[in-house]
Amino acid sequence: MRCLLCSVETHSLPTFHQLFTLEASAKTLCEDCSLRFKKIAEHHCPMCYKQGEHDICSDCIYWQKQGKVVNHQALYCYNSGMKEYFSNYKFQGDYLLRKVFQNDLKLALKSYRDYTLVPIPLSEQREAERGFNQVIGLLDGLGVPYQELLTKREVKKQSDKSRLERLQSQNPFELRIDKVLPDKILLIDDIYTTGMTLQLAAQLFYEKEVKEIKTFSLAR
Ligand SMILES: [Zn+2]
Ligand SMILES: [Zn+2]
């Protein structure tokens, strides 16, 4: 097996555990490359998984004050290694890289078995430029089912408006009205920064009285 990032031969033998489980999964990265990524460990914000927080983080306090719910899980810190990864995957369009984190993603998404996975869409223009939606790429790499319930339109940045005004006045997402909505939805994005994107998407489902909405991202 070759490392997906540097192509070095990884020579990894299956671990004892892998030999005796059906989940045996080949390593996707060599030792050196895997060191560039940092999994979110203990001491993260209980609501959004921001690393290094012992209590609810300032982003989540902001959302709470707006009466919004944050119920997010993320797997990796958005560090320099992750930035480089996304630059290669998203912007240089190396589609093979969708598989780099497949083992962790697969494992994490198992806890959401009864949820319908809904990827955050790109606008048509953006998807045409990039050639693919990076979130859908991740899900396709796993081979898990998902539903594209949202569309996105390109919205001009209006810097004269406050964050909340923008939130209320110009949600770039729309529901695909031809679909019956599931009870439980897991909204999936690649990176969680302030939580704005996922809040905007979640708002549409709350308005349709979807009972449970959680959110998930590869990086935070
Ligand atoms: Zn490597
Ligand atoms: Zn938080």
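How are the donor residues of the zinc ion (ligand 1) spaced in sequence? The first close-up takes up this question, and the other views follow from there. Please keep in mind throughout that this is a predicted model.

**View 1. Four cysteines hold the zinc ion (ligand 1) as its protein donors.** The donor residues are spaced C-x2-C-x23-C-x2-C in sequence. Look for the SG atoms of Cys3, Cys6, Cys30 and Cys33, which lie 2.2 to 2.3 Å from the metal. The arrangement counts as tetrahedral because the 4 donor atoms subtend angles of 105 to 115 degrees around the zinc ion (ligand 1). Distant parts of the chain are linked here: cysteine 6 sits in the segment before H1, while cysteine 30, 24 residues apart from it, belongs to the loop between H1 and H2. With a relative accessible area of 36%, cysteine 6 is partly exposed, whereas cysteine 30 is buried at 9%.

**View 2. The zinc ion (ligand 2) also has cysteine SG atoms as its protein donors.** Here the donors are Cys45, Cys48, Cys57 and Cys60, lying 2.3 Å from the ion. Their spacing along the chain reads C-x2-C-x8-C-x2-C. Cysteine 45, in the loop between helix H2 (31-34) and helix H3 (58-65), and cysteine 60, in helix H3, are 15 residues apart, and the pair links distant parts of the chain. Angles of 103 to 118 degrees between the 4 donor atoms make this arrangement tetrahedral. Cysteine 45 counts as buried, its relative accessibility being 0%, and cysteine 60 is likewise buried at 0%.

**View 3. Helix H3 has buried residues on one side, a zinc donor among them.** Asp59, Cys60 and Trp63 are the residues to find, since they are buried in H3. They share the same side of the helix because they cover an arc of only 95 degrees around its axis. The face turned away from that buried side carries Ser58 and Lys65, both exposed. After H3 comes glycine 67, with a positive phi near 75 degrees.

**View 4. Helix H4 (residues 80-91) packs one face against several elements.** Its 12 residues reach 15 Å from first C-alpha to last, close to the 16 Å expected at 1.5 Å a residue. Which residues of H4 are buried? They are Gly81, Met82, Tyr85, Phe86, Tyr89 and Lys90. Seen down the axis of H4, these buried residues fall within an arc of 140 degrees, so they line one face. A reminder helps in reading this view: an α-helix has 3.6 residues a turn, so residues three or four places apart point the same way. The packing partners of the buried residues are strand E1 (72-76), helix H6 (124-130), helix H7 (134-142), strand E5 (184-191) and strand E6 (212-219). Ser80 and Phe91 are exposed on the other side of H4.

**View 5. The two ends of H4 each show a local detail.** At its start, a side-chain oxygen of asparagine 79 comes to within 3.2 Å of the backbone nitrogen of glycine 81. Just after the helix, glycine 93 adopts a positive phi of about 70 degrees.

**View 6. Serine 7 and glutamate 209 have positive phi without being glycines.** Serine 7, in the segment before helix H1 (16-19), has a phi near 70 degrees. This serine counts as partly exposed, at 43% relative accessibility. For glutamate 209, phi is about 60 degrees, and its place is the loop between helix H9 (196-207) and E6. Glutamate 209 counts as exposed at 69% relative accessibility.

Definitions and conventions. Residues are numbered from 1 along each chain as its sequence is written. Chains are lettered from A and ligands numbered from 1 in the order in which they are written. This is a predicted model: local features need pLDDT of at least 70, side-chain atom pairs count only at pLDDT 80 or more; totals for chains, interfaces and linings use all residues. Side-chain values use heavy atoms; hydrogens and water are left out. Donors are N, O and S atoms within 2.8 Å of the metal (3.2 Å for Na, K and Ca); water is not among the atoms, so sites may look incomplete. Four donors count as tetrahedral if all angles lie between 85 and 135 degrees; four count as square planar and six as octahedral if opposite donors are over 155 degrees apart and all others between 65 and 115; anything else is irregular. Helices (H or I, at least four residues) and strands (E, at least two) are DSSP runs, numbered from the N terminus. Buried means under 20% relative accessible area, exposed over 50%, partly exposed in between (1.4 Å probe, protein chains only). The expected span of a helix is 1.5 Å times one less than its number of residues. The arc is that of the directions from the helix axis to the C-beta atoms. Contact means heavy atoms within 4.5 Å. A polar contact is a pair of N or O atoms within 3.5 Å; within protein, one must be able to donate a hydrogen and the other to accept it, and residues adjacent in sequence count only if both atoms are side-chain atoms.
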